[in-house]
Every structure is written in structure tokens, then in C-alpha cells.
Amino acid sequence: MAEPADSGGGAAAEGNAARVTEVRCPAGVRPLRLLEWKVKPGALVNVDSVIAVCAPIAAESESRAAERKLKSDRAGAVRELCCQLGQVIAPGSVIAKVEECSHPVVMKGLCAECGQDLTQLQSKNGKQQAPISTATVSMVHSVPELMVSSEQAEQLGREDQQRLHRNRKLVLMVDLDQTLIHTTEQHCQRMSNKGIFHFQLGRGEPMLHTRLRPHCKDFLEKIAKLYELHVFTFGSRLYAHTIAGT
């Protein structure tokens with residue numbers, strides 16, 4: 001029989017320090033004898049990961065009760081195991097301490113740090129809940145599902161600055177439409193197709209026709225030696241990536 005252990009009110013330190021939660025033996029049950037640990041200090045656990053296997057202490061006149069599996073109700077890393085094998089654990093006693101994962105990097109609902117599927121967590125009353133995650137910043141234009149925390153974003157930003165300094169480059173934002181290219185839905189049959197790129201952004205979408213402005217290619221090749229180029233457009237993300245990939 002498996003049941004979630006109770007999490008105590010672990011103290012959270014000030015600033016960005018991780019929160020350590022006390023995992024306790026469930027209240028309202030008989031004392032349990034610890035038979036086996038299923039985790040070690042430093043191990044990553046998810047919600048419903050089995051922490052320990054215990055046996056209820058039965059009265060002399062009762063038959064031996066089935067073993068119970070104590071599960072974590074938090075995702076994070078085990079920091080301390082607070083009981084010894086064979087020890088009798090009273091209801092409400094601390095059995096382990098878990099440093100909760102803040103989920104600082106999330107990709108399509110999965111935490112890259114602890115592996116927790118953040119979309120599948122359920123609250124105790126059965127309603128879906130959004131667990132606390134510090135990943136709120138999208139850092140990669142081509143992968144909007146990848147989210148990182150503000151601390152991670154600041155660190156990546158500093159690394160970008162250092163890389164640009166080493167390469168002795170600045171960032172140049174270049175507008176697409178009416179600057180580098182011209183895109184229209186209207187294709188003139190009398191116009192030469194030379195240098196025109198024809199594409200659709202999706203099934204059922206209108207055909208788009210794009211042409212580079214005169215000398216644009218030469219400009220980009222020369223300016224790319226001096227700057228790291230980023231494109232800007234009021235069009236959709238898919239439109240920008242389609243143009244940038246041509």
C-alpha cells in the first residue's frame with residue numbers, strides 16, 4: 001500500500017536560496033517500522049516517488065499488516081534521511097528532508113532539472129494545479145516552449161555579453177519588411193521570377209512572394225563580419241523563421 005508522506009513547513013531562506021521541505025510520516029496512522037530506503041541523499045525525486053518502505057506496528061493479537069510505501073509529495077533532491085533502518089517512526093515524525101526544485105528550466109512542461117512533468121500534477125482535491133516554477137522567460141526565438149528563470153536568463157545574458165566582447169562585435173537589429181525584403185500576396189505574372197521566393201506559412205494559408213532588396217545579400221555578408229545580426233518584424237514568428245532560413 002502506498003501513500004504520500006506529509007510535507008512539513010520547511011523554512012525558506014531569504015533571496016534565491018532553495019526551499020528545504022520536511023517530509024513526515026503521515027498523521028493518523030499507526031507507528032511504522034522503517035524497512036528500506038528507496039532513495040539516497042542527493043537523489044532526485046518527483047511527486048509520487050517512493051521514498052521508503054515501512055511496516056505498520058501491529059498489536060499482539062493482530063496479524064501482520066501489509067507493508068506501506070511512503071511517497072514524496074514534492075519534486076526536488078533528497079538532502080537528508082532522518083531515520084535509521086529498523087527504527088519505529090511515530091506519526092508526524094520527520095523521515096527525510098527534500099530541497100524543492102524551483103523548476104528553473106522548463107521544456108514543453110517538463111522540468112529539465114528534476115524531470116517532473118509539470119502538466120500532470122494534481123492537487124489533493126483532484127483539481128489540476130500549476131506548480132511553482134521560476135521559469136518565466138523565453139530565451140530562444142526558435143524554441144518558444146523553452147522557458148528559463150530570470151536568474152538563468154540574466155546568467156545567459158552575461159555570457160552573451162562576454163562572447164560578444166571576445167568576438168569584438170555588437171548586436172545589430174535589422175528590420176525585415178520594407179528594409180531587407182519586400183513580401184506581398186499579389187504576384188504579378190509579368191514580373192520576372194528571378195530572385196523571388198514563393199512560400200506558404202501553412203496549409204490553406206495564402207501564397208506569399210518575397211524578394212530581397214537590391215544589394216541586400218552583399219550588405220548582409222559584409223555587415224555580418226562586424227555585427228551579430230538579429231531580425232525584427234511585426235509578422236509572425238513562423239514568418240520570421242521562414243525568411244531567416246531562406
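Here is a chat between a visitor and a guide about the predicted model shown above.

Visitor: To get our bearings, how many helices and strands does the chain have?
Guide: This is a predicted model, so take what follows as read from its coordinates. Of the 246 residues, 27% count as buried. As for secondary structure, the tally is three helices and 19 strands.

Visitor: What share of the contacts with a separation of 6 or more comes from residues 24 or more positions apart?
Guide: A contact here takes heavy atoms within 4.5 Å. Among contacts in the chain with a separation of 6 or more, the part made by residues 24 or more positions apart is 57%.

Visitor: Which strands stand at the edges of the open sheet of four strands?
Guide: The sheet runs in the order 12-11-14-13, with antiparallel pairing. A strand at the edge has a single partner, so one side of it is left without a neighbour in the sheet. That description fits strand 12 (110–111) and strand 13 (135–138).

Visitor: And what does helix 1 do there; which strands does it touch?
Guide: Helix 1 covers residues 150–167 and packs on the sheet. Its direction makes about 95° with that of strand 14 (146–149). The strands it touches are strand 11, strand 13 and strand 14.

Visitor: Back to strand 12: which residue is the bridge partner of Met107?
Guide: Strand 11 (residues 105–107) pairs with strand 12 in the antiparallel sense, over two bridges. Met107 has its bridge partner in strand 12, and that partner is Leu110.

Visitor: How many disulfides are there?
Guide: The rule asks for cysteine sulfur atoms within 2.5 Å. For Cys25, which is buried with a relative accessible area of 0%, the nearest cysteine sulfur is that of Cys54, 6.7 Å away. Cys111 is buried too, at 4% relative accessibility, and its nearest cysteine sulfur, that of Cys101, is 3.6 Å away, so by the 2.5 Å cut-off Cys111 is in no disulfide. The count of disulfides comes to zero.

Visitor: Moving along the chain, which residue stands opposite His198 in strand 18?
Guide: Strand 18 (residues 208–212) pairs with strand 16 (residues 181–184) in the antiparallel sense over four bridges, and there Thr183 stands opposite Thr210. Strand 17 (residues 196–199) also pairs with strand 18 in the antiparallel sense, over four bridges. In strand 18, the residue opposite His198 is His209.

Visitor: Are the rings of Phe197 and Phe199 stacked or edge-to-face?
Guide: They make up one of the three aromatic pairs found in the whole structure. The centres are 4.9 Å apart and the planes differ by 20°. Planes under 30 degrees apart count as stacked, so this pair is stacked.

Visitor: Which of those two, Phe197 or Phe199, is buried?
Guide: Phe197, Phe199 and Tyr239 form one aromatic cluster. Buried means under 20% relative accessible area, so Phe197, at 33%, misses that mark and counts as partly exposed. At 6% relative accessibility, the buried one is Phe199.

Visitor: Last stop, Thr21: which residue does its side chain make a polar contact with?
Guide: Thr21 sits in strand 3 (residues 20–24). With a relative accessible area of 1%, Thr21 is buried. The polar contact of its side chain has a distance of 2.3 Å, and the partner is the side chain of Glu100.

How values were computed. Residues are numbered from 1 along each chain as its sequence is written. This is a predicted model: local features need pLDDT of at least 70, side-chain atom pairs count only at pLDDT 80 or more; totals for chains, interfaces and linings use all residues. Side-chain values use heavy atoms; hydrogens and water are left out. Rings of Phe, Tyr and Trp (its six-membered ring) pair if their centres lie within 6.5 Å; planes under 30 degrees apart count as stacked, over 60 as edge-to-face and the rest as tilted. Buried means under 20% relative accessible area, exposed over 50%, partly exposed in between (1.4 Å probe, protein chains only). Two strands pair if DSSP finds at least two bridges between them. Axes are lines fitted to C-alpha atoms, for helices over the stretch in contact, and angles run from 0 to 180 degrees between N-to-C directions. A polar contact is a pair of N or O atoms within 3.5 Å; within protein, one must be able to donate a hydrogen and the other to accept it, and residues adjacent in sequence count only if both atoms are side-chain atoms.
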